[in-house]
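Me: I would like to learn how to read a few local features of a structure, one at a time. Could you take me through them with the coordinates in view?

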Amino acid sequence: MTSITLRRHLTDAGHDSDLIFLLEDIASACRATAYEVRNGPLKGNLGVAGSTNVQGEDQKPLDIIANDIFLATCANSPRLAALVSEEIEEVVWLKEPKKGDYLLFFDPLDGSSNLDTNLSVGTIFSIMQVAEDGDRNVLRPGSDQLVAGYALYGPATMMVLAAGKGVQSFTLHQGSGIFRLTHADMKIPEGTAEFSINASRQRFWEPPMRAYVDDCLAGKDGPRGVDFNMRWVASMVAEVHRILMRGGVFLYPLDEKNRDMGGRLRLLYEVAPMAKIIEAAGGAASTGRERIMDLVPTEPHQRVPAILGASDEVWRVEAKHAATP
Ligand code: AFP
């Protein structure tokens with residue numbers, strides 16, 4: 001049987017037509033971004049662009065291309081009031097905000113340091129609604145998200161959505177350009193002995209994180225009683241997708257080197273959307289001490305620590321933090 005399309009799924013779920021328009025615009029932007037990523041080497045779009053983003057990081061040509069695609073594709077979406085992009089310092093207001101209008105937060109190309117090595121990269125996005133006419137506050141907790149999602153540009157191009165009823169994954173059919181439902185209700189498998197962390201930063205970790213990882217590394221002769229595997233792709237979208245498919249936990253903790261910045265990953269358009277997706281799939285998302293979805297941002301590009309994945313693993317990390325004042 002042919003799997004249903006993204007549009008059919010969103011219509012059947014009873015979403016507002018303007019939200020469906022916006023999600024289809026996002027899907028179009030992801031489709032166009034996938035094309036540019038796939039043809040990057042042929043179009044001379046690898047390497048660095050010679051500019052830096054608001055984070056002071058070297059921009060890749062495809063970071064800029066993906067951001068431009070999202071601006072061009074989504075900016076005319078009905079009832080879209082503002083855009084917050086990793087690649088743009090200020091909030092982009094498109095219209096006078098009215099109650100119920102949409103706010104779109106996105107990282108147009110996450111993991112772009114992997115482009116030259118042809119590894120999977122992705123787009124992360126989040127949609128909230130304007131609370132009252134004229135309200136220009138975009139610093140809202142993750143629990144206010146209406147929809148969270150990502151596109152993964154891997155062997156297959158996939159779009160994963162948490163839009164109120166669980167988590168669904170749609171795979172792009174290359175011939176027709178249509179996203180079709182391939183995973184109807186994603187749930188994180190429990191009990192997977194696999195963790196994901198940039199182990200080169202071990203000497204900077206706080207004691208609770210060091211203690212949690214040491215227990216994993218001790219294997220079956222240690223307190224966990226099982227041998228663990230480790231993965232680090234340096235592309236959060238790829239790590240989260242692996243966790244949705246086979247379990248485990250992703251860890252980008254606060255450490256001595258990133259503490260002054262608040263962490264490595266950005267709250268509004270990386271960690272909060274992933275937290276909504278992970279929780280909707282039965283997992284948990286924490287800073288190690290607080291639930292990610294409860295955090296109220298202080299500025300659009302705020303960074304936070306991110307511990308997310310299978311609930312039992314996240315709770316173990318939180319217990320280590322609770323035991324250390
Ligand atoms: P880039 O978009 O600059 O490649 O960063 C990717 C990322 O934001 C996230 O996707 C990875 O999990 C994390 O940073 C990788 O961080 P390290 O470079 O410290 O491993």
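Reply: Gladly, and please keep in mind throughout that this is a predicted model.

Me: Then let me begin with the secondary structure: in which strand does Arg303 lie?

Reply: Arg303 belongs to strand 14, which spans residues 303–304.

Me: Is Arg303 buried or exposed?

Reply: The general idea is to compare the relative accessible area with a cut-off, and buried means under 20%. Arg303 has a relative accessibility of 10%, and therefore counts as buried.

Me: What does the side chain of Arg303 reach, and which residues does Arg303 touch?

Reply: The side chain of Arg303 reaches the backbone oxygen of Arg264 at 2.6 Å. Leaving aside residues up to four places away in sequence, Arg303 touches Gln55 and Glu57, together with Met261, Gly262, Gly263, Arg264, Leu265, Arg266 and Leu267.

Me: Turning to the ligand, how many residues surround it, and which are the closest?

Reply: The ligand is surrounded by 14 residues, of which the closest are Asp110, Gly111, Ser113, Met236 and Tyr252.

Me: Which atoms of Gly111, Met236 and Asn198 lie at a short list of distances from ligand oxygen atoms?

Reply: For Gly111, a backbone N or O atom lies 2.9 Å from an oxygen atom of the ligand, and for Met236 a backbone N or O atom lies 2.7 Å from an oxygen atom of the ligand. Asn198 contributes a polar side-chain atom, which lies 3.1 Å from an oxygen atom of the ligand. On its own the ligand has 480 Å² of accessible area, and the protein covers 87% of that. The space that the ligand takes is the largest pocket.

Me: Where is Asn118 found, and what is notable about its phi?

Reply: Asn118 is found in the loop between strand 3 (102–110) and strand 4 (121–129), and has a positive phi of about 60° although it is not a glycine. Asn118 is exposed, because its relative accessible area is 70% and exposed means over 50%.

Me: What is the phi of Ala234, and where is the place of Ala234?

Reply: Ala234, also a residue other than glycine, has a positive phi near 65°, and its place is in the loop between strand 10 (229–231) and helix 5 (236–246). At 36% relative accessibility, Ala234 counts as partly exposed.

Me: Finally, where does Pro325 lie, and is Pro325 buried or exposed?

Reply: Pro325 lies in the segment after helix 7 (311–322), and with a relative accessibility of 98% Pro325 counts as exposed. The C-alpha atoms of Pro325 and Pro208 are separated by 9.8 Å, while the two residues are 117 residues apart along the chain.

Technical notes:
Residues numbered from 1 in each chain as written. Predicted model: local features only at pLDDT ≥ 70, side-chain atom pairs only at ≥ 80, totals over all residues. Heavy atoms only, no water. Helix = DSSP H or I, 4+ residues; strand = E, 2+ residues; numbered from the N terminus. Buried < 20%, exposed > 50% of the residue type's maximum accessible area, 1.4 Å probe, protein only. Polar contact = N/O pair within 3.5 Å; in protein donor to acceptor, adjacent residues only side chain to side chain. Contact = heavy atoms within 4.5 Å. Near = heavy atom within 4 Å. Areas by Shrake-Rupley, 256 points an atom, 1.4 Å probe, with all protein chains shown as cover. 1 Å grid on protein atoms, 1.4 Å probe; cavity = no way out; pocket = protein on both sides within 12 Å on 5 of 7 lines; lining within 4 Å. Sits in = over half its atoms within 2 Å of the grid points.
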